[in-house]
Amino acid sequence: MTHSAPPRRRRPVLPWLAVLTVFGMVGAGIIAVATGGGGLAAPDWVERRIEARLVQALPDGRIAFEGLEVALGADGRPGLVLSGVTLSDTAGTPQASVARVEGAVAVWPLLRGEIELT
């Protein structure tokens with residue numbers, strides 16, 4: 001009688017990759033803050049998600065920003081800093097612009113690969 005080993009379950013790689021990315025970003029942010037840098041340029045995938053979220057939040061307008069950084073707040077929570085933000089109407093006419101916008105990011109959803117601003 002031959003016994004074959006039960007098939008091994010493959011664990012999804014994406015959640016682990018997301019967790020490692022978050023810890024890497026937080027670690028790099030700590031180093032940047034400790035050395036006086038302030039923040040790090042956000043990866044492209046973070047920028048695309050934030051941009052998509054902002055487009056959903058402003059269905060009757062447009063938003064554009066020049067830069068996006070990942071930083072740690074004074075309380076140690078990760079956050080996002082948008083620079084050169086311009087709000088426009090549907091015709092593209094600028095309605096308001098701000099030099100800098102800061103927001104905190106909820107940690108637990110971030111570990112699941114979701115970006116939730118608080």
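## A first look at a predicted chain

In this predicted model, confidence within the chain is lowest in helix α1 (residues 13-34), with a mean of 66, and highest in strand β5 (residues 94-104), where the mean is 89. Taken over the chain, the mean pLDDT is 76, and 74% of the residues reach 70 or more. It helps to keep these values in mind while looking around.

### The overall layout

How many helices and strands does the chain have? There are 3 helices and 5 strands. Followed from the N terminus, the elements come in the order α-β-α-β-β-β-β-α. Of the 118 residues in the chain, 25% are buried. The accessible surface amounts to about 8600 Å², and carbon and sulfur atoms account for 60% of that area. The contacts say something about how the chain folds back on itself: among those between residues at least 6 apart in sequence, 44% join residues at least 24 apart.

### How the strands pair

Strand β4 is a good place to start, since several pairings involve this strand. Strand β2 (residues 61-64) runs antiparallel to β4, and 4 bridges join the two. β3 also pairs with β4 in the antiparallel sense, over 6 bridges, and β4 pairs with β5 in that sense over 9 bridges.

Here is one pair of facing residues from each of these pairings.

| Strands | Residue | Partner |
|---|---|---|
| β2 and β4 | Gly-61 | Asp-89 in β4 |
| β3 and β4 | Leu-72 | Pro-78 in β4 |
| β4 and β5 | Gly-79 | Ala-104 in β5 |

Two of the pairings are hairpins. Between β3 and β4 there are 5 residues, and Gly-76 in that turn has a positive phi of about 90 degrees. Between β4 and β5 there are 4 residues, and in this turn Gly-92 has a positive phi of about 95 degrees.

### The nonpolar core

Which residues have the most contacts inside the largest nonpolar core? They are Val-46, Ile-50, Leu-68 and Leu-80, in a core of 15 residues. The elements that contribute two or more residues to this core are α2 (44-57), β3 (67-72) and β4 (78-89). In soluble globular proteins, nonpolar side chains tend to be buried together.

Ile-50 gives a view of the core from one residue. Setting aside neighbours within four places in sequence, Ile-50 is in contact with Leu-68, Leu-80 and Ile-115.

Glu-47 belongs to helix α2. Is Glu-47 buried or partly exposed? Its relative accessibility is 29%, so Glu-47 counts as partly exposed. Beyond neighbours within four places in sequence, Glu-47 is in contact with Ala-42, Phe-65 and Leu-68. Glu-47 and Leu-80 lie 33 residues apart along the chain, and 9.9 Å separates their C-alpha atoms.

### Residues worth a visit

Back in strand β4, we find Ser-88. Why does Ser-88 count as buried? The reason is that its relative accessible area is 16%, and buried means under 20%. Apart from residues up to four places away in sequence, Ser-88 touches Gly-61, Arg-62, Thr-93, Pro-94 and Gln-95.

Strand β5 holds Gly-103, which is partly exposed at a relative accessible area of 25%. Leaving out neighbours within four places in sequence, Gly-103 is in contact with Gly-79 and Leu-80. The C-alpha atoms of Gly-103 and Pro-78 are 8.9 Å apart in space, while the two residues are 25 apart in sequence.

Val-19 sits in helix α1 and counts as buried, with 19% relative accessibility. How many residues along the chain separate Val-19 and Gly-113? They are 94 residues apart along the chain, with their C-alpha atoms separated by 7.6 Å. When looking at Val-19, remember that helix α1 is where confidence is lowest, at a mean of 66.

### One salt bridge

Last come the charged side chains. The count is 1 salt bridge. Which side chains meet in a salt bridge? Those of Glu-102 and Arg-100 do, at 2.9 Å from N to O. Glu-102 has a relative accessibility of 59% and therefore counts as exposed.

Key
Residues numbered from 1 in each chain as written. Predicted model: local features only at pLDDT ≥ 70, side-chain atom pairs only at ≥ 80, totals over all residues. Heavy atoms only, no water. Core = buried A, V, L, I, M, F, W, Y, C linked by side-chain atoms within 4.5 Å. Buried < 20%, exposed > 50% of the residue type's maximum accessible area, 1.4 Å probe, protein only. Contact = heavy atoms within 4.5 Å. Areas by Shrake-Rupley, 256 points an atom, 1.4 Å probe, with all protein chains shown as cover. pLDDT = per-residue confidence, 0-100. Salt bridge = Lys/Arg side-chain N within 4 Å of Asp/Glu carboxyl O. Pairing = 2+ DSSP bridges.
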